[in-house]
Amino acid sequence: MEARFSFFKKPIGVTDKKPEKSTTLVEVYNLIKGETYEVLTEHLRELTGKKEIGDFKRNNLDFITFSGTFKTRFADQLIKHSNLICIDFDHIEDIDWLWDKLLIDEFFETSLMFRSPSGQGIKWVVEIDTEEATHLDWFLGIEAYIKKVYGINIDKSGKDVCRACFLCHDKNAYINPKLLTK
């Protein structure tokens with residue numbers, strides 16, 4: 001069965017916000033590759049101030065919760081876990097090197113990968129099995145693995161099952177070809 005997760009319309013600041021719909025990796029991939037967020041992403045990448053960038057993302061970019069569908073975006077409002085986790089790499093010096101390494105990682109098969117809204121990081125979505133371990137246990141294991149194998153610290157916010165991921169444009173986004181044949 002195809003993994004589903006929540007899609008939210010901008011802005012992000014409303015705490016009781018209900019999702020617009022549930023969506024899939026293929027639908028999100030098509031949004032990221034398409035024109036929907038192209039102008040917004042270009043504008044965001046021209047901004048320089050940290051507050052200005054944060055405010056722009058919060059007010060202008062739609063967002064998703066890769067790890068599940070929710071009534072509202074709180075951990076205790078989880079309807080169903082998607083068995084996906086999004087690992088966030090921020091401020092990466094050699095994005096191309098990391099991108100290539102993640103695509104051929106021997107333990108985790110990439111489901112979806114794209115450059116972050118800033119253009120200086122990577123969003124890496126992989127499958128997990130929440131019957132085997134909790135979301136948090138998976139996060140901590142992947143965090144330790146990435147640190148040991150790649151020498152990189154990941155964004156700790158991914159441990160939160162309801163972590164929002166802003167959508168942006170990336171014409172070079174990757175989706176696992178298996179997902180396109182379902």
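**Note on the predicted model: cavity, pocket, strands and rings**

1. The largest cavity has a lining of 17 residues, and those that lie nearest its centre are C86, G158, R163, A164 and C165. The model is a predicted one. The volume of this largest cavity is about 150 Å³. Cavities of 30 Å³ or more number one in the structure. Sorted by class, the residues of the lining are seven nonpolar, five polar and five charged.

2. Which strand provides the largest share of the lining of the largest cavity? Strand β6 (residues 84–89) does, with four residues. C86, one of the residues nearest the cavity centre, is in the set of β6 residues that point one way, together with L84 and D88. I85, I87 and F89 point the other way from β6. Both sets are buried, in line with the count for the strand, where six of its six residues are buried.

3. β6 also has a partner strand. Strand β8 (residues 122–127) pairs with β6 over six bridges, in the antiparallel sense. Within that pairing, D88 has K123 of β8 standing opposite. D88 is thus placed twice: among the buried residues of β6, and across from K123.

4. The largest pocket is a separate item from the cavity above. Its volume is about 620 Å³. The lining of the largest pocket is made of 25 residues, and I53, K57, D90, H91 and S118 lie nearest the pocket centre. By class, nine of the lining residues are charged, eight are polar and eight are nonpolar.

5. Which element gives the most to the lining of the largest pocket? The answer is α3, with five residues. At least two lining residues each come from α2 (38–46), α3 (50–60) and β9.

6. β9 appears again in a sheet. The sheet is open and has four strands in the order β2-β1-β3-β9, with antiparallel pairing. The edges are β2 (21–23) and β9 (165–166); each has a single partner strand, so one side of each lacks a neighbour in the sheet. Strand β1 (residues 5–8) and strand β3 (residues 63–65) run antiparallel and are joined by three bridges. S6 has T65 of β3 standing opposite.

7. A charge and a ring meet elsewhere in the model. The charged end of K21 sits over the ring of F7, and the distance from the ring centre is 5.3 Å.

8. The aromatic rings deserve a point of their own. A pair of aromatic rings is described by two values, the distance of the centres and the angle of the planes. With pairs taken as rings whose centres lie within 6.5 Å, the count comes to nine aromatic pairs. In one of them, W97 and Y150, the ring centres are 6.2 Å apart and the planes stand at 80°, so the pair is edge-to-face. W97 belongs to helix α4 (residues 95–103) and Y150 to helix α5 (residues 135–150); the pair thereby links distant parts of the chain, 53 residues apart. Are the two residues buried or exposed? W97 counts as partly exposed at 37% relative accessibility, whereas Y150 is buried at a relative accessible area of 13%.

9. F107 and Y145 form another edge-to-face pair, because their ring planes stand at 90°, with the centres 5.6 Å apart. F107 lies in the loop between α4 and β7 (110–115), and Y145 lies in helix α5, so the pair ties together parts that are 38 residues apart in sequence. F107 counts as exposed, at 56% relative accessibility. Y145 is buried, with a relative accessible area of 15%.

10. These two pairs belong to a wider group. Ring pairs link F89, W97, F107, F108, W124, Y145 and Y150 into a cluster. F89, one member of this cluster, is also one of the buried residues of β6.

11. The last point concerns F114, a residue of strand β7. F114 is buried, with a relative accessible area of 0%. From C-alpha to C-alpha, F114 and C168 are 8.8 Å apart in space, although 54 residues apart in sequence.

Methods: Residues numbered from 1 in each chain as written. Predicted model: local features only at pLDDT ≥ 70, side-chain atom pairs only at ≥ 80, totals over all residues. Heavy atoms only, no water. Phe/Tyr/Trp six-rings, centres within 6.5 Å; stacked < 30°, edge-to-face > 60°. Buried < 20%, exposed > 50% of the residue type's maximum accessible area, 1.4 Å probe, protein only. Lys NZ or Arg CZ within 6 Å of the ring centre and 35° of its normal. 1 Å grid on protein atoms, 1.4 Å probe; cavity = no way out; pocket = protein on both sides within 12 Å on 5 of 7 lines; lining within 4 Å. Points joined across faces, edges and corners; volume = space filled by probe spheres on them. Nonpolar A, V, L, I, M, F, W, Y, C, P; charged D, E, K, R; others polar. Pairing = 2+ DSSP bridges.
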